[in-house]
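Visitor: Hi, I've got a structure open and would like to talk it through. Can you walk me around it?
Guide: Sure, let's put it up and go piece by piece.

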Amino acid sequence: IGRSDIYQKGIDRVLNGYSLFLNSKVPIPGLNLTIVGPADPLSDQIRHDLCRELKLELGRQVYFAGKVEESERNRILSNSKVYIHLSRFEGFGLSVIQALSAFKPVIVSRQVPTSDIIENYKAGIVVDSTEEIANAIATVFALSEDEYIQMARNARRCYEEQFHPDV
């Protein structure tokens with residue numbers, strides 16, 4: 001969720017990790033990666049080319065939602081199992097905080113400033129490499145219902161104790 005700069009926001013990292021996950025794990029019916037946020041024409045072309053190179057099916061395995069209204073963003077987040085944010089550099093990462101507030105476990109890069117807090121709260125998984133991204137996705141989808149609920153609660157507790165406006 002946010003501006004779709006291929007390099008800064010790590011969209012290439014997300015697509016590579018997701019592709020590796022899809023090619024190495026048992027398929028999950030209906031699974032798709034939705035990337036929300038506007039992209040300039042060059043970034044849009046690069047991400048489409050990368051999907052073709054990785055043999056990711058646009059509209060089925062990967063969906064680029066573009067810029068959406070807040071209500072649509074919230075609907076997408078609500079229907080998601082996990083939020084992935086793999087920025088190479090980030091000022092704060094507001095969209096990560098929005099995901100935590102919505103009880104969503106997160107997969108974040110070590111470069112996201114809140115990664116240590118997320119790790120300490122067990123509110124998600126911090127990754128560095130393509131293999132770690134693929135494994136993190138697999139880990140979230142392999143959680144039992146109770147384990148997933150606990151991670152989701154940890155996400156919300158992380159938000160309430162660290163990032164809520166009243167803190």
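Visitor: Which residue in β5 does Val106 stand opposite?
Guide: Val106 is across from Gly124 of β5. Keep in mind that this is a predicted model.

Visitor: Fine. And what is the bridge partner of Ser109 in β5?
Guide: That's Val127. Strand β4 covers residues 106-109, and 4 bridges join it to β5.

Visitor: Do β4 and β5 run parallel or antiparallel?
Guide: They run parallel. Together with helix α5, residues 115-121, β4 and β5 make a β-α-β unit, and it's right-handed.

Visitor: What's the strand order in that sheet?
Guide: β3-β4-β5, with 3 strands in an open sheet and parallel pairing. β3 (83-85) and β5 sit at the edges, each pairing on one side only.

Visitor: How many degrees of twist from one strand to the next?
Guide: The average is 15 degrees.

Visitor: What does α6 touch on the sheet?
Guide: α6 packs on it with contacts to β3, β4 and β5. The direction of α6 makes about 170 degrees with that of β5.

Visitor: Let's switch to β1 and β2. How many bridges there?
Guide: They pair over 4 bridges, in the parallel sense. For instance, Ile35 has Phe64 in β2 as its bridge partner. β1, α2 and β2 also form a right-handed β-α-β unit.

Visitor: Is β2 mostly covered or mostly open?
Guide: Mostly covered, with 4 of its 5 residues buried.

Visitor: And what about Lys67, buried or exposed?
Guide: Lys67 counts as exposed, because its relative accessibility is 72%, over the 50% cut-off. You'll find Lys67 in the loop between β2 and α3.

Visitor: Which residues does Lys67 contact, leaving aside neighbours within four places in sequence?
Guide: Gly37 and Pro38. The C-alpha atoms of Lys67 and Val36 are 6.4 Å apart, with their positions 31 residues apart along the chain.

Visitor: Now the core. How many residues are in the largest nonpolar one?
Guide: It has 30 residues. Those with the most contacts inside the core are Leu15, Tyr18, Leu56, Val62, Ile107 and Val127.

Visitor: Which elements give two or more residues to this core?
Guide: α1 (11-24), β1 (33-36), α2 (41-53), β2 (62-66), β5 (124-127), α6 (130-142) and α7 (145-163). The largest share comes from α6, which supplies 6 residues. Apart from this core there's another one of 17 residues, including Val96, Val106, Val108 and Val126.

Visitor: Back to Tyr18: what does it touch, not counting residues up to four places away in sequence?
Guide: Tyr18 touches Leu31, Asn32, Leu33, Leu56, Gln61, Val62 and Ile137.

Visitor: Where does Gln61 lie?
Guide: In the loop between α2 and β2. Gln61 still counts as buried, because its relative accessibility is 14%, under the 20% cut-off. With the same sequence neighbours left out as for Tyr18, Gln61 touches Tyr18, Leu22, Leu31, Asn32, Leu33, Lys55 and Leu56.

Visitor: Let's move to α4. Which of its residues are buried?
Guide: Ser95, Val96, Ile97, Ala99 and Leu100. Those buried residues pack against α3 (70-78), β3, β4, α5 and α7.

Visitor: At what angle do the axes of α4 and α7 cross?
Guide: Roughly 120 degrees, and the axes come within 7 Å. That crossing angle is why α4 counts as oblique to α7.

Visitor: Which residues make that contact?
Guide: On α4 they are Ile97, Leu100 and Ser101, and on α7 they are Ala155, Arg156, Cys158, Tyr159 and Phe163.

Visitor: Which residue just after α4 has a positive phi?
Guide: Phe103, at about 65 degrees.

Visitor: Last one: is Tyr121 buried or exposed?
Guide: Tyr121 is buried, with 12% relative accessible area, and it's found in helix α5. Not counting residues up to four places away in sequence, Tyr121 touches Asn154, Arg157, Cys158, Glu161 and Gln162.

Visitor: And how many Å separate Tyr121 from Gln8?
Guide: The C-alpha to C-alpha distance is 26 Å, and they are 113 residues apart in sequence.

Definitions and conventions:
Residues numbered from 1 in each chain as written. Predicted model: local features only at pLDDT ≥ 70, side-chain atom pairs only at ≥ 80, totals over all residues. Heavy atoms only, no water. Core = buried A, V, L, I, M, F, W, Y, C linked by side-chain atoms within 4.5 Å. Buried < 20%, exposed > 50% of the residue type's maximum accessible area, 1.4 Å probe, protein only. Contact = heavy atoms within 4.5 Å. Pairing = 2+ DSSP bridges. Right-handed = clockwise from strand over helix to strand, strands pointing away. Axes fitted to C-alpha atoms, helices over the stretch in contact; angles between N-to-C directions. Parallel < 35°, antiparallel > 145°, perpendicular 65-115°, else oblique.
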